[in-house]
Amino acid sequence: MRKDNPNMRALKLLHSFCPSYFPLMVLNSFFGRVSPYFNLYLSAEIVNEIVGSRNKDTLITLVLITVIGNFAIAIMGGILNRAFGHKETLLYQREAVCYNKKTLGLDYDNLENTEVRQLRRKIVESSRINFHGKQLLLMSVGRLVNITISAILALILGIEMFVLMFASGFSWLIILLACLIVGLVAFNVWYSFREKDKMGAVYRNVSQTMIDENRIDEAIDCYNMGKDVRLYRQDKLIMKIKNYAFDLHKKAFRTMESKRYKINMPLTFTGILLEAIIYVFVCVYALLGTFGIGSIVKYVGFVETITGCITSYFAVFADIKYNTPFVEDYLAYFDIPQKMYQGSLTVEKRDDNEYYVEFEDVSFKYPGSDTYALRHVNMKFKVGEKLAVVGMNGSGKTTFIKLMCRLYDPTEGEILLNGVNIKKYDYDEYLAVFSVVFQDFKLFSFSLGENVASGADYDVDKVMGSLHQSGFGERLATMPEGIKTTLYKDFDENGVEVSGGEAQKIALARALYKDSPFIILDEPTAALDPIAEYEIYSKFNEIVGDKTAIYISHRLSSCRFCDKIAVFDNGQIVQRGSHDELVADESGKYYELWHAQAQYYTESQGA
Ligand code: ADP
């Protein structure tokens with residue numbers, strides 16, 4: 001099968017974002033280029049008329065055509081330039097939307113995947129250096145259009161010159177001129193291609209050094225890290241790494257600049273040589289009487305433009321060639337497949353919330369990992385049941401939840417919802433069954449209401465109710481703009497900074513607002529003070545109502561109100577039962593964990 005040219009594919013993709021962009025580019029380019037040729041042609045005619053027959057009427061007509069023509073070209077040029085600028089903005093805007101949608105729609109494992117993250121960085125950084133990738137491709141197409149239009153316009157001027165030259169009979173002079181032009185242009189083309197190909201590797205190196213340097217900037221910039229940086233004096237370490245990365249970047253940048261200089265020098269030299277040769281030839285022909293004095297400027301302009309166009313054509317193709325790997329990176333991002341099978345079954349809407357989820361011998365390895373994070377997990381949730389999931393760090397609790405929410409698919413085994421493999425359901429509908437507060441939840445720097453409702457249009461009463469239920473009511477009363485208050489100061493200087501515990505309450509309110517039949521809380525009270533924690537637990541049953549609730553907790557004492565407890569160890573469920581049953585089994589993991597914590601509390605109380 002023939003592989004599609006990446007540049008053509010990228011152009012088709014960009015064209016689909018704004019179909020009128022390329023036609024407007026051509027029109028805009030025509031009106032932007034035509035003026036000098038128009039003037040060159042008419043000024044030559046005027047000079048020839050003055051030097052020649054000096055007809056007054058002809059002269060007035062020529063001057064009028066020049067003035068009115070320039071006026072019309074300027075108006076059209078201005079209108080088209082504005083329209084093209086507008087389309088250009090639109091194209092980049094739509095492209096950004098599509099790119100972001102791609103990122104938001106990536107399978108979760110790709111989002112975490114280091115290669116995918118590196119690819120994304122590479123695309124961003126490359127476009128910062130000389131706009132490599134889609135921008136350079138678009139700019140190159142723009143230049144090709146400009147060159148083509150200039151060449152066509154120049155040819156229209158130049159045909160006359162060839163006719164006159166051949167008619168004069170000094171054909172050996174034309175052959176000599178043509179050989180010199182072809183020789184010099186061929187040298188330029190060969191040289192540009194050879195050197196620009198090498199430049200591709202140099203540019204890629206610069207972009208990698210920029211990626212590394214910017215990654216350190218992100219660490220410096222991130223205010224979440226500010227406390228640790230200050231207390232552990234990590235500034236010196238960071239600056240050492242930063243300086244090292246900067247030195248590498250500086251070196252790569254210098255190599256790039258000196259290479260560019262070396263490439264451009266011979267090209268400038270051949271350009272000047274070409275111009276001198278053309279002047280000599282055209283002047284010789286003028287002296288031989290082949291054409292009038294006024295035409296010298298016109299014909300020199302023509303030959304210069306044509307040779308310039310040929311050289312530029314190849315220079316642009318050389319740019320496109322070395323830019324191709326950057327375009328391939330860009331396309332590779334769009335080509336990242338949606339591996340996760342997404343079914344089309346609708347999830348039955350049930351007022352009685354009768355949703356059964358079942359794990360059938362589920363095992364799971366993270367992509368790229370050889371070890372199982374979960375092994376042979378079997379679990380059936382009874383509707384309305386309150387299940388606590390406990391276990392040591394790394395025992396597989398969060399992975400269990402991630403699988404349940406289909407952020408990953410099991411490596412082996414099946415997960416069923418009401419008896420049907422969850423892969424067969426429409427993904428969005430399946431996700432609507434769960435409200436989750438992850439341990440590492442994130443709130444956005446949007447308004448409180450938007451955060452709780454996860455949308456711009458929301459039910460104010462429901463947002464307020466959820467916030468009160470999650471224990472955020474008192475803090476809400478102190479907020480100047482209530483639920484319209486912006487969280488954090490990233491986008492709004494009047495934004496409010498909330499504490500870790502307050503943020504956790506907001507995240508809980510978000511889960512309550514979603515009002516799904518399953519509510520999953522991963523360490524829901526880790527950042528809460530003991531009183532807030534007590535409040536949440538004491539009204540936990542009221543908060544979750546008849547929903548099926550799963551919550552992961554390190555604090556075993558807080559699991560007691562759950563109907564059932566599942567104990568994870570090393571990726572497996574090693575015990576399950578009520579608190580009383582589990583604590584009675586002295587050989588069990590739960591007993592060990594319970595007594596380890598109880599001992600800690602007793603000792604601290606005794607101290
Ligand atoms: P817990 O929630 O019980 O602390 P996790 O489910 O987060 O444990 O982790 C279970 C195991 O899976 C651990 O060994 C952890 O290192 C590994 N793990 C977790 N997330 C990833 C990931 N994204 N890629 C690879 N391994 C992971």
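Helices here are DSSP runs of H or I with at least four residues, numbered from the N terminus. Keep that in mind as you work through this predicted model.

**Exercise 1. The ligand shell**

Task: List the residues that surround the ligand, sort them by class, and find which helix gives the largest share of the shell.

Solution:
- Step 1: A residue belongs to the shell if one of its heavy atoms lies within 4 Å of the ligand. The ligand is surrounded by E112, Y366, A373, M392, N393, G394, S395, G396, K397, T398 and T399.
- Step 2: Sorting them by class gives three nonpolar, six polar and two charged residues. Glycine goes with the polar ones in this scheme.
- Step 3: Helix α11, residues 397-404, provides the largest share, with three residues.

**Exercise 2. Polar contacts and cover**

Task: Find how far oxygen atoms of the ligand are from polar atoms of S395, G396 and T399, then state how much of the ligand the protein covers.

Solution:
- Step 1: Start with the backbone. A polar backbone atom of S395 is 3.2 Å from an oxygen atom of the ligand, and for a polar backbone atom of G396 the distance is 3.1 Å.
- Step 2: Turn to the side chain of T399, where a polar atom lies 2.4 Å from a ligand oxygen.
- Step 3: On its own the ligand has 560 Å² of accessible area, and the protein covers 60% of that.

**Exercise 3. Helix α11**

Task: Decide how many residues of α11 are buried, and look at what follows the helix.

Solution:
- Step 1: Buried means under 20% relative accessible area. Seven of the eight residues of α11 meet this.
- Step 2: They are K397, T399, F400, I401, K402, L403 and M404.
- Step 3: After α11 comes R406, with a positive phi near 55 degrees.

**Exercise 4. A nonpolar surface patch**

Task: Identify the residues of the nonpolar surface patch and place L64 within it.

Solution:
- Step 1: The patch is formed by I60, V63, L64, V67 and I68, which together have about 450 Å² of accessible area.
- Step 2: L64 sits in helix α3, residues 56-105.
- Step 3: L64 counts as partly exposed because its relative accessibility is 47%.
- Step 4: For the spacing, recall that an α-helix has 3.6 residues a turn, so residues three or four places apart point the same way.

**Exercise 5. Two loop residues with positive phi**

Task: Are Y488 and N570 buried or exposed?

Solution:
- Step 1: Y488, with phi near 65 degrees, is in the loop between α15 and α16. Its relative accessible area is 15%, so Y488 is buried.
- Step 2: N570, with phi of about 55 degrees, is in the loop between β9 and β10. Its relative accessibility is 54%, so N570 is exposed.

Definitions and conventions:
Residues are numbered from 1 along each chain as its sequence is written. This is a predicted model: local features need pLDDT of at least 70, side-chain atom pairs count only at pLDDT 80 or more; totals for chains, interfaces and linings use all residues. Side-chain values use heavy atoms; hydrogens and water are left out. A polar contact is a pair of N or O atoms within 3.5 Å; within protein, one must be able to donate a hydrogen and the other to accept it, and residues adjacent in sequence count only if both atoms are side-chain atoms. Accessible areas come from the Shrake-Rupley method with a 1.4 Å probe; for residues, only the protein chains shown count as cover. Helices (H or I, at least four residues) and strands (E, at least two) are DSSP runs, numbered from the N terminus. Patches are made of residues with over 30% relative accessible area and no salt bridge: like charges are joined within 9 Å, nonpolar side chains (Val, Leu, Ile, Met, Phe, Trp, Tyr) within 5 Å. A salt bridge is a side-chain nitrogen of Lys or Arg within 4 Å of a carboxyl oxygen of Asp or Glu. Buried means under 20% relative accessible area, exposed over 50%, partly exposed in between (1.4 Å probe, protein chains only).
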